[in-house]
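Here are a few exercises to work through with the model open beside you. Try each task before you read its solution.

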Amino acid sequence: MARRIDFLPIYAVLFLIFLYGPVLLLPLFSFNDATYAVFPLKGFTLKAYQQMMHDPSLLKSLKNSLMVATGVSIVSTAFGLLAAMGVTRYKMPGRGPVMGGIMLPLVVPSIILSVALLVIARQVFDIPLTLWTVGAGHVLLCVPFSMMVLMARLEGFDKSLEEASGDLGENGWMTFWRVTFPLALPGVVSSLLMSFTISLDEYVMAFFLSGLDQTLPIFLYSQLRFPQRLPMTLALGSTILVISTIIVIFSEILRRRGVQTTKPSGL
Amino acid sequence: MSDAAKGSFVAHGDRARAAKGSLIQRFPWLRGYLLMSPTLLVMLAMLVAPIVALVVRSFWTQNVFQIDTTFTLRNYAQIFQLSDKITYWMSIPFPFANPVYLILLVKSILMSLAVTAFVMLLAYPMAYFMAFRVRRHKFLWLILITVPIWTSYLLRVFAWKIMLGFNGVINSSLIKIGLIDKPLDFLLYSPSAVMLTLAHAWVAFAILPIYVSLEKIDRSLLEAATDLGDKPWERFWHITLPLSAPGAIATSLMVFIPTVGDYVTPTLVGGSGGSMIGNSIQILFGRQNDAPLGSAVSVVMMAVITAIVCLFLWAVGYRKIRAREAI
């Protein structure tokens with residue numbers, strides 16, 4: 001027993017170093033005054049960040065990504081909320097397979113989903129590839145996450161509150177806006193934020209389903225080919241990293257606080 | 001007459017409404033499906049329909065710029081055509097005329113298996129630590145593990161490129177220390193670089209579900225085992241491991257399945273030696289402009305993955321384990 005107590009915390013710390021070490025190199029080198037990402041560090045500079053702020057195609061792709069991510073987060077949260085309400089309120093026959101189907105995008109390799117969507121968009125319906133197709137693909141990826149977050153939230157609160165609202169004469173719609181939605185709100189915000197980050201960071205689907213308009217990850221990927229652009233790429237990567245981290249922390253705080261009364265929730 | 005007609009119409013409407021009401025009253029779960037219907041429709045249109053289209057496409061052929069829609073097995077024949085000339089990869093014989101897709105598939109599966117094993121070995125102790133050792137600041141640990149899951153996958157691959165590159169962090173540091181004279185060129189652009197990067201990208205993802213299954217274990221069982229004289233190791237072996245097995249098995253599948261088809265990591269850190277089946281699918285749909293063959297390769301890949309998963313679940317007796325958990 002005593003030996004394991006000594007070992008596990010050491011392992012945990014080493015693990016965190018392994019997990020965070022490589023990623024933290026990005027911000028570290030982004031402030032380094034050199035074209036190569038090598039030690040020793042040369043000197044502190046914000047040049048890369050200034051360069052980043054003045055790159056028109058970067059700003060364009062940032063705008064595209066923000067638009068897609070905003071739309072995706074709202075749409076997938078709406079779908080997730082409806083599905084979560086259905087699943088948590090009623091004992092539905094066939095619930096298992098239906099849930100399994102909705103969760104499928106979590107496990108199917110995203111290249112399969114991407115090429116399948118590409119085939120149906122281009123070759124079956126002849127839909128031009130735009131940011132809309134990227135957004136549609138991202139909704140497919142985000143709905144399972146939204147639904148999981150919202151199910152955990154909805155399972156946690158007392159059903160009698162909704163019944164009371166009904167007994168007091170509110171119709172279904174008013175009950176939803178006055179009781180269900182406020183109670184689910186932390187879950188809703190958490191789902192919005194989570195879908196936003198997933199969409200903002202997603203590369204594979206965006207690569208297959210975007211037309212001329214790039215999203216930020218596609219722009220980032222295209223920059224990786226140019227060694228002389230490395231500092232700016234590092235700066236861009238670090239910025240994305242910081243923004244995603246802030247959003248994720250905020251979303252997690254909301255989500256975990258929301259379900260603390262029940263069992264610890266999974267993903 | 002018109003009154004009578006109106007009367008019967010109203011009565012009919014009422015009856016219909018009553019019948020509808022009673023249907024929903026008789027089967028309240030229908031409301032559940034009603035609520036879910038928009039989501040289900042979207043998933044049907046964007047998940048089921050595209051995959052059906054992909055499968056259909058795999059039986060068609062590409063004629064330069066046009067698609068020939070006569071049903072044919074030509075794409076599958078191209079993948080599976082036997083030949084007397086045997087190609088060897090890692091001393092595995094491939095008696096196929098055009099073995100590249102199958103070799104890449106086998107290679108991807110082996111690499112993913114290695115990644116999955118590595119991820120589970122790294123993740124399980126960490127999940128165990130969080131479930132049983134962390135008492136204070138549990139929330140902080142959860143956040144620390146969760147953040148890397150949601151921060152860009154592309155950036156983590158990029159970070160490893162910087163770490164392992166010819167002029168990368170590891171090489172330049174080793175030269176600085178004086179351990180080596182020239183950069184090691186095998187670090188980047190190799191299957192091991194791909195596996196290391198994939199493991200790093202998935203390990204955080206694997207911790208949470210294992211953690212949840214460990215956290216759910218009834219602590220009184222562990223106390224009982226201790227009271228009955230089990231040593232900590234025996235206790236782990238008899239109680240903790242079996243009870244967390246369903247979660248761990250599900251987690252390993254959630255790592256294995258998506259990594260088989262990954263193509264970003266092999267493209268960025270794999271080079272030519274580290275490419276995987278996802279790369280050929282991407283090339284077939286992109287540069288080679290042969291969507292039907294690409295669809296066929298995708299279908300074969302999905303079929304093989306499904307077969308492996310079913311075989312694995314059957315071999316470990318997943319149903320039995322689940323049943324035991326339910327008791």
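Two residues are in contact if their C-beta atoms, placed from the backbone, lie within 7 Å. Keep in mind that this is a predicted model.

**Exercise 1.** Work out what share of the contacts in chain B between residues at least 6 apart in sequence join residues at least 24 apart.

*Solution.* Start with the contacts in chain B whose partners sit at least 6 apart in sequence. Then pick out those joining residues at least 24 apart: they make up 65%.

**Exercise 2.** Is chain B a compact globule, or more spread out than one?

*Solution.* First, take stock of the parts: chain B has 14 helices and 4 strands. Next, compare radii: the radius of gyration is 27 Å, while the globule rule gives 20 Å for 327 residues, so chain B is more spread out than a compact globule. Now look at the spans of the C-alpha trace, about 105 × 70 × 40 Å along the principal axes. Finally, check the domains: the assignment gives domain 1 (2-57) and domain 2 (73-326), and their C-alpha centres lie 43 Å apart.

**Exercise 3.** Find which element of chain B gives the most to the side that touches chain A.

*Solution.* Begin with the contact itself: 75 residues of chain B meet 69 residues of chain A. On the chain B side, helix α2 (residues 29-57) gives the most, with 18 residues. As for character, that side splits into 53 nonpolar, 15 polar and 7 charged residues.

**Exercise 4.** Describe how β3(B) and β4(B) are joined.

*Solution.* The two strands run antiparallel, with 4 bridges between them. Y88(B) stands opposite P93(B). They form a hairpin with 2 residues in between, and M90(B) in the turn has a positive phi of about 50°.

Methods
Residues numbered from 1 in each chain as written. Chains lettered and ligands numbered in written order. Predicted model: local features only at pLDDT ≥ 70, side-chain atom pairs only at ≥ 80, totals over all residues. Nonpolar A, V, L, I, M, F, W, Y, C, P; charged D, E, K, R; others polar. Domains from an automatic or database assignment. Pairing = 2+ DSSP bridges. Rg over C-alpha atoms; globule rule 2.2 N^0.38 Å.
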